[in-house]
Amino acid sequence: MAAALCLCGCAAELLAEDFLQRDYRRDRVVLARVAARPGAVTRHIARAVDARERAVARSLDRLTDEGFLVLDVDSATPALR
């Protein structure tokens, strides 16, 4: 019984790690896209990296929170730099 619980716990950890790694990979792709096209909107980035808009928005939020991107609000339309 204890071995089965341990196996389930390990499987859950591996699954969580896979989701985390997928987010990191998406973040890197999104960051590269923004670097190539500063000021791009979320919809265009999502289309370019073949991801859902919500997932790209979460990546942009994480990248902004971590200081990799800065939201430029001085212009007429906010853009990521």
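**Exercise 1. Classify aspartate 50 and describe its backbone.**

Aspartate 50 counts as exposed, because its relative accessibility is 71%. (Exposed means over 50% relative accessible area, buried under 20%, partly exposed in between, with a 1.4 Å probe and protein chains only.) The model is predicted: local features need pLDDT of at least 70, side-chain atom pairs count only at pLDDT 80 or more, and totals for chains, interfaces and linings use all residues. Residues are numbered from 1 along each chain as its sequence is written, and side-chain values use heavy atoms, without hydrogens and water.

Next, place the residue. Aspartate 50 sits in the loop between α2 and α3. (Helices are DSSP runs of H or I with at least four residues, strands are runs of E with at least two, and both are numbered from the N terminus.) Then take the backbone. Most residues other than glycine have a negative phi. Aspartate 50 is not glycine, yet its phi is positive, near 55 degrees.

**Exercise 2. State the fold pattern of the chain.**

Count the elements: three helices and two strands. Put them in sequence order: α-α-α-β-β. Then add burial: of the 81 residues, 20% count as buried.

**Exercise 3. Find the buried face of helix α2.**

Start with the range, residues 42-49. The buried residues there are Ile45, Ala46 and Val49. Now look down the axis of α2. These buried residues fall within an arc of 100 degrees, so they line one face of the helix. (The arc is that of the directions from the helix axis to the C-beta atoms.) The general rule: an α-helix has 3.6 residues a turn, so residues three or four places apart point the same way.

**Exercise 4. Describe how α2 and α3 pack.**

Take the geometry. The angle is about 110 degrees, and the axes are 9 Å apart. (Axes are lines fitted to C-alpha atoms, for helices over the stretch in contact; angles run from 0 to 180 degrees between N-to-C directions.) Classify it: α2 and α3 are therefore roughly perpendicular to each other. (Angles of 65 to 115 degrees count as roughly perpendicular, under 35 as roughly parallel, over 145 as roughly antiparallel and the rest as oblique.)

Then list the partners. From α2 come Thr42, Arg43, Ile45, Ala46 and Val49; from α3 come Glu53, Val56, Ala57 and Leu60. (Contact means heavy atoms within 4.5 Å.)

**Exercise 5. Place valine 56 in the nonpolar core.**

The largest nonpolar core has nine residues: Val30, Val34, Ile45, Ala46, Val49, Val56, Leu60, Leu63 and Leu69. (Such a core is a set of buried Ala, Val, Leu, Ile, Met, Phe, Trp, Tyr and Cys residues joined through side-chain atoms within 4.5 Å.) α1 (2-36), α2 and α3 (53-65) each supply at least two of its residues.

Valine 56 belongs to helix α3. At 0% relative accessibility, valine 56 is buried. Valine 30 lies 26 residues away in sequence, but the C-alpha to C-alpha distance to valine 56 is 7.0 Å. Beyond four places in sequence, valine 56 touches Arg26, Val30, Thr42, Ile45, Ala46, Val49 and Ala51.

**Exercise 6. Trace the polar contacts of aspartate 27.**

Aspartate 27 is in helix α1. Its relative accessibility is 6%, so aspartate 27 counts as buried. Its side chain makes a polar contact of 2.9 Å with the side chain of arginine 62. (A polar contact is a pair of N or O atoms within 3.5 Å; within protein, one must be able to donate a hydrogen and the other to accept it, and residues adjacent in sequence count only if both atoms are side-chain atoms.)

A polar contact of 2.6 Å joins the side chains of aspartate 27 and serine 59. Serine 59 lies in helix α3 and is buried, at 0%.
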